[in-house]
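Me: I would like to learn how to read a structural model feature by feature. Could you take me through one, giving the general idea before each case?

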Amino acid sequence: HAAEAHRTDLMTITRHVLNEQTKHPESRGDFSILLSHIVLGCKFVCSAVNKAGLAKLIGLAGETNGEEQKKLDVLSNEVFIKALVSSGRTCILVSEEDEEATFVVPSLRGRYCVVFDPLDGSSNIDCGVSIGTIFGIYMVKEHGEPSLDDVLQPGKNMLAAGYCMYGSSCTFVLSTGSGVNGFTLDPSLGEFILTHPDIKIPKKGKIYSVNEGNAKNWDAPTAKYVEKCKFPQDGSSSKSLRYIGSMVADVHRTLLYGGVFLYPADKKSPNGKLRVLYEVFPMSFLMEQAGGQAFTGKERALDLVPKNIHERSPIFLGSYDDVEEIKALYAAEEKKA
Ligand code: P6P
């Protein structure tokens with residue numbers, strides 16, 4: 001009967017969020033409405049990505065912010081901006097695709113600020129590697145006109161964060177501050193169904209995930225840690241290297257299987273490559289909510305206060321014990337300095 005009940009008791013993402021909202025009686029359902037618009041955007045991108053190869057949607061759409069843009073990037077960004085503005089629940093939007101933040105017109109303004117990368121890892125579209133949408137949600141600070149201050153908040157102030165991975169299936173992973181849950185799109189229903197309740201990352205893992213091609217530019221603690229993964233001195237077996245080069249895919253594997261994902265600083269890019277607001281913060285938020293942790297090389301990632309909306313930061317995230325080892329190596333280096 002349990003299996004039967006389970007099959008007929010469809011826990012959709014909408015129902016799940018409504019259940020969560022009961023913990024916040026003060027909310028007027030605004031968050032659920034906002035989330036339903038993010039989910040709508042993800043459903044659109046999922047279908048567009050799946051058709052990309054056929055519809056020849058891909059192709060270069062010119063250069064901006066230093067990276068080649070594929071049409072799907074631009075399309076996805078427009079869909080999310082329009083969905084979020086029309087939700088009537090947002091007031092500032094920051095997108096990886098837009099140099100400037102979007103300030104919503106007063107008539108459609110709400111209390112939430114959304115930071116997002118509409119299609120992270122898009123350089124992988126052509127070869128069929130999983131890519132994804134990453135987002136974080138802040139509450140606007142109580143004051144008059146919305147300003148960039150409302151989005152230049154430390155990641156620990158986020159109310160919610162998540163990603164949607166477009167791969168063999170479409171998986172939506174979300175935390176609203178009380179744990180992490182995973183939902184899988186059932187295309188026949190057009191609904192995300194709860195498939196990974198209360199995800200917890202293993203305390204220690206056997207996988208490390210980093211672009212070894214940057215090894216010549218790493219600082220000493222990172223170099224030492226990776227060396228330790230490959231040639232453990234304590235007789236333990238070496239770790240496996242898994243690196244997909246698409247953050248959502250690498251982080252999703254880390255969340256489910258354990259281990260650690262690193263995008264360190266290096267001599268060429270002293271702040272690493274990944275963006276604070278819509279890559280580092282949401283993934284760090286999820287890792288902490290799943291019992292893991294996230295470190296920048298200097299501090300807890302969620303304590304960082306960004307100074308500009310496209311700021312980058314080094315990031316070490318994943319299983320609690322693995323990140324502890326990295327923190328110890330940086331602390332030892334600090335002592336020498
Ligand atoms: P690298 C993809 O372009 C991305 O922004 C992330 O999704 C990914 O983790 C990272 O860059 C990969 O960077 O330098 O290893 O190719």
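Reply: What follows takes up the ligand site, a helix, some aromatic pairs and a few single residues, in a model that is predicted.

Me: Let us begin with the ligand: which residues surround the ligand?

Reply: One starts from a list of neighbours and then asks what kinds of residue they are. The ligand here is surrounded by Asp-120, Gly-121, Asn-211, Tyr-243, Gly-245, Ser-246, Met-247, Phe-261, Tyr-263, Lys-273 and Glu-279, and this shell divides into 4 nonpolar, 4 polar and 3 charged residues.

Me: How far from an oxygen atom of the ligand do the polar side-chain atoms of Asp-120 and Glu-279 lie?

Reply: For Asp-120 the distance from a polar side-chain atom to a ligand oxygen is 2.5 Å, while for Glu-279 the corresponding value is 3.5 Å. A side-chain N or O atom of Tyr-243 lies 2.6 Å from an oxygen atom of the ligand. As for cover, the ligand on its own has 400 Å² of accessible area, and the protein covers 81% of this.

Me: Met-247 belongs to that shell, so I turn to helix H6: how many of the residues of H6 are buried?

Reply: A general point helps with any helix: an α-helix has 3.6 residues a turn, so residues three or four places apart point the same way. Helix H6, which spans residues 247-257, is mostly covered, with 9 of its 11 residues buried. The buried residues are Met-247, Val-248, Ala-249, Asp-250, Val-251, His-252, Arg-253, Thr-254 and Leu-255, a list in which Asp-250 and Arg-253 appear alongside Val-248 and Leu-255. After H6 comes Gly-258, which has a positive phi near 90°.

Me: Where does Asp-198 lie, and what is the sign of its phi?

Reply: The background is that most residues other than glycine have a negative phi. Asp-198 is not a glycine, yet its phi is positive, at about 50°; this residue sits in the loop that runs between strand S10 (191-196) and strand S11 (207-209). Asp-198 counts as partly exposed because its relative accessibility is 46%, in between the limits of 20% and 50%.

Me: How many aromatic pairs does the count come to, and how is one to be read?

Reply: The count comes to 8 aromatic pairs, and for each pair one reads the separation of the ring centres together with the angle between the planes. Phe-31 and Tyr-112 make an edge-to-face pair, 6.0 Å from centre to centre with 70° between the planes. Because Phe-31 lies in helix H3 (residues 30-55) and Tyr-112 in strand S5 (residues 109-120), the pair ties together parts that are 81 residues apart in sequence. Both partners are buried, Phe-31 with a relative accessible area of 6% and Tyr-112 at 4% relative accessibility.

Me: Why is the pair of Phe-316 and Tyr-330 called tilted?

Reply: The ring centres of Phe-316 and Tyr-330 are 5.4 Å apart and the planes stand at 55°, so the pair counts as tilted, the edge-to-face class being reserved for angles over 60 degrees. The pair links distant parts of the chain, with Phe-316 in strand S15 (residues 315-318) and Tyr-330 in helix H8 (residues 320-336), 14 residues apart. Phe-316 and Tyr-330 are both buried. Elsewhere, Phe-135, Phe-172 and Phe-192 form one aromatic cluster.

Me: Finally, is Thr-14 buried or partly exposed?

Reply: Thr-14, a residue of helix H2 (residues 13-21), counts as partly exposed, with a relative accessibility of 41%. Its C-alpha atom is separated by 34 Å from that of Pro-314, which lies 300 residues away along the chain.

Notes:
Residues numbered from 1 in each chain as written. Predicted model: local features only at pLDDT ≥ 70, side-chain atom pairs only at ≥ 80, totals over all residues. Heavy atoms only, no water. Near = heavy atom within 4 Å. Polar contact = N/O pair within 3.5 Å; in protein donor to acceptor, adjacent residues only side chain to side chain. Areas by Shrake-Rupley, 256 points an atom, 1.4 Å probe, with all protein chains shown as cover. Nonpolar A, V, L, I, M, F, W, Y, C, P; charged D, E, K, R; others polar. Buried < 20%, exposed > 50% of the residue type's maximum accessible area, 1.4 Å probe, protein only. Helix = DSSP H or I, 4+ residues; strand = E, 2+ residues; numbered from the N terminus. Phe/Tyr/Trp six-rings, centres within 6.5 Å; stacked < 30°, edge-to-face > 60°.
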